[in-house]
Amino acid sequence: MKLHKIAHNYIQAFQGLSTEIWWLALITLINRMGAMVIPFLSLYLSNDLCFSLDQIGWVMTCYGLGSLTGTWIGGKLSDQIGYYKVILGSLILTGIAFFCVQYFSSFWSICLSFFILIAIADAARPAFFVALSAYSKPANKTRSLTFIRLAINLGFSLGPALGGIIVTAIEYKALFWADGITCWIAACILILKLHPKKAKTSDKEIIVENPIAPYKDHIYMLFWIALTLFSVVFVQFSSTMPLYYEEVHLISEKNIGLILALNGALIFVLEMPLITYLETKKYNRITTIIYGFILTAFSFLVFIFIPWTAIVIVSMILLTVGEMIALPFSNTFALDRAKKGKQGAYMGLYSMSFSVAHILGPNSGMQLINTYGYNVTWIVMGMIALTGVGLLRIVQQNVDYYVMNR
């Protein structure tokens, strides 16, 4: 009986979402499943192109810079030509870019080609947020965002597995063809199921008079700084944490993979019901994000106080719950704030916080570990997350003051 009730509540969490959101989630799933090159990029550069670790590091930096540039341009274009054209153009051109990149082999050509590839691909990120805002009912916005995140996480889980099969059965370069084709499949679904005429009708609903740029919205900029700090901490999950598991706790690569997979599994099973529950409680969004930041800070700080190997599981659970609480509600806060200005620019800046984190986070974490060791690094990461909590408290005070004096 309890299992039946749990299953019923899980299904209930998906009800009420618009048909367009389901199609948008499918497009996102296919697109993220197609990102097979990325998990195998370092292996491709090392094994096929014989790049040194230093050269691979610079390619990764170009990847981050391309993401930063693409999200900024995508936000601008979303306001100028509309999110539908940006998403469609990004999917088609990304497919072409994947086909082309495999034919470059020199260091500088790889750096430039991956910069361009990721810039084109990530131009769609802010446009997806604007589309989601247009297609979702106001009451379901946070759940819609959570559903899209679910599709992204599922795609990132299935993509590497499929990519590994392709690499083993064929070769690395086959990944580029697979990625390009999936981009075009996603574009075809967009054309067939989310027609431009429907998109234009939705666009009219989000036009505002005298829109302001996000850089002039001081509350939003403070929120953005806090989110960037959180993102710098969060990217340690996929960069420095696996090294800590291996070097300090002597965990095998197989078991490290299982621990990392726990993140995606928990999100897949728990995030939609959790967000649905939190929405019924009508908690303040900023307060909810703060709780997510605090849990993330403690996911690093527990390593300082508890040396047992089993603590890595506890840490991963804390990190995942913190992510599930913080990110959907931060998405919603950004979208609601964007109603007063240029939505594309707002969501472009929102996406840029993660791009900046990918540029700064892994390298800063590695440098801290190399110079001061893991314990100091975890303390610094915990303090950075708690600094974000302090900034969000200021944001909350300003929002409350504005509401009271409106």
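Of the 406 residues of the protein, 52% count as buried. The model is a predicted one. Its secondary structure consists of 18 helices and 0 strands. Contacts that link distant parts of the chain are prominent in the count. Among contacts with a separation of 6 or more, 86% join residues 24 or more positions apart.

The nonpolar interior was examined next. The largest nonpolar core holds 91 residues. Within this core, Phe223, Tyr245 and Tyr350 touch the most other members. Helix H16 (residues 311-338) supplies the largest share of the core, with 12 residues. A second, separate core has 26 residues. Leu41, Tyr44, Ile166 and Ala174 are included in that second core. In soluble globular proteins, nonpolar side chains tend to be buried together.

The surroundings of Phe223 give a closer view of the 91-residue core. Residues up to four places away in sequence are not counted here. Beyond them, Phe223 touches Ile289, Ser330, Phe333, Ala334, Tyr350, Leu392 and Val395. One of these partners, Tyr350, is itself listed with Phe223 and Tyr245 as touching the most other core members.

Two helix pairs were compared by their axes. The first pair is helix H2 (residues 19-33) and helix H9 (residues 173-193). Their axes come within 8 Å and cross at roughly 170 degrees. An angle over 145 degrees counts as roughly antiparallel. H2 is therefore roughly antiparallel to H9. On the H2 side, the contact is made by Trp23, Leu26, Ile27, Ile30 and Asn31. On the H9 side, Thr182, Cys183, Ile185, Ala186, Ile189, Leu190 and Lys193 take part. The residues of this contact divide into 9 nonpolar, 2 polar and 1 charged.

The second pair is helix H6 (residues 107-122) and helix H7 (residues 124-135). Here the packing angle is about 5 degrees, and the axes are 5 Å apart. Angles under 35 degrees count as roughly parallel. H6 and H7 are therefore roughly parallel to each other. Ile120, Ala121 and Asp122 in H6 meet Ala124, Arg125 and Pro126 in H7. This contact comprises 4 nonpolar residues, no polar ones and 2 charged ones.

The length of H6 was also checked. At 1.5 Å a residue, its 16 residues should span 22 Å. The C-alpha atoms at its ends are 22 Å apart, which agrees with that expectation. Many positions along H6 can be assigned to the interior by name. The buried residues of H6 are Phe107, Ser109, Ile110, Cys111, Ser113, Phe114, Leu117, Ile118, Ala119 and Asp122. Asp122 also belongs to the contact of H6 with H7.

Helices H14 and H16 are linked through individual residues. Leu266 is found in helix H14 (residues 253-280). Thr320 has its place in helix H16. Thr320 has a relative accessible area of 0%, so it is buried. Apart from neighbours within four places in sequence, Thr320 is in contact with Asn263, Leu266 and Ile267. With the same neighbours set aside for Leu266, its contacts are Glu271, Ile317, Thr320 and Met324. The pair Leu266 and Thr320 thus appears in both lists. Leu266 and Ile317 lie 51 residues apart along the chain. Their C-alpha atoms are separated by 8.1 Å.

A longer sequence separation is bridged at Thr69. This residue is placed in helix H4. Its relative accessibility is 28%, so Thr69 counts as partly exposed. Thr69 and Ser355 are 286 residues apart along the chain. The separation of their C-alpha atoms is 8.8 Å.

Two loop residues stand out by backbone geometry. Cys50 is not a glycine, although its phi is positive, at about 60 degrees. Cys50 lies in the loop between helix H3 (41-48) and helix H4 (53-81). With a relative accessible area of 62%, Cys50 is exposed. Leu250 also has a positive phi, near 55 degrees, and is a residue other than glycine. Leu250 is found in the loop between helix H13 (241-247) and H14. At 72% relative accessibility, Leu250 counts as exposed.

How values were computed. Residues are numbered from 1 along each chain as its sequence is written. This is a predicted model: local features need pLDDT of at least 70, side-chain atom pairs count only at pLDDT 80 or more; totals for chains, interfaces and linings use all residues. Side-chain values use heavy atoms; hydrogens and water are left out. Axes are lines fitted to C-alpha atoms, for helices over the stretch in contact, and angles run from 0 to 180 degrees between N-to-C directions. Helices (H or I, at least four residues) and strands (E, at least two) are DSSP runs, numbered from the N terminus. Angles under 35 degrees count as roughly parallel, over 145 as roughly antiparallel, 65 to 115 as roughly perpendicular and the rest as oblique. Contact means heavy atoms within 4.5 Å. Ala, Val, Leu, Ile, Met, Phe, Trp, Tyr, Cys and Pro count as nonpolar, Asp, Glu, Lys and Arg as charged, and the others, Gly among them, as polar. The expected span of a helix is 1.5 Å times one less than its number of residues. Buried means under 20% relative accessible area, exposed over 50%, partly exposed in between (1.4 Å probe, protein chains only). A nonpolar core is a set of buried Ala, Val, Leu, Ile, Met, Phe, Trp, Tyr and Cys residues joined through side-chain atoms within 4.5 Å.
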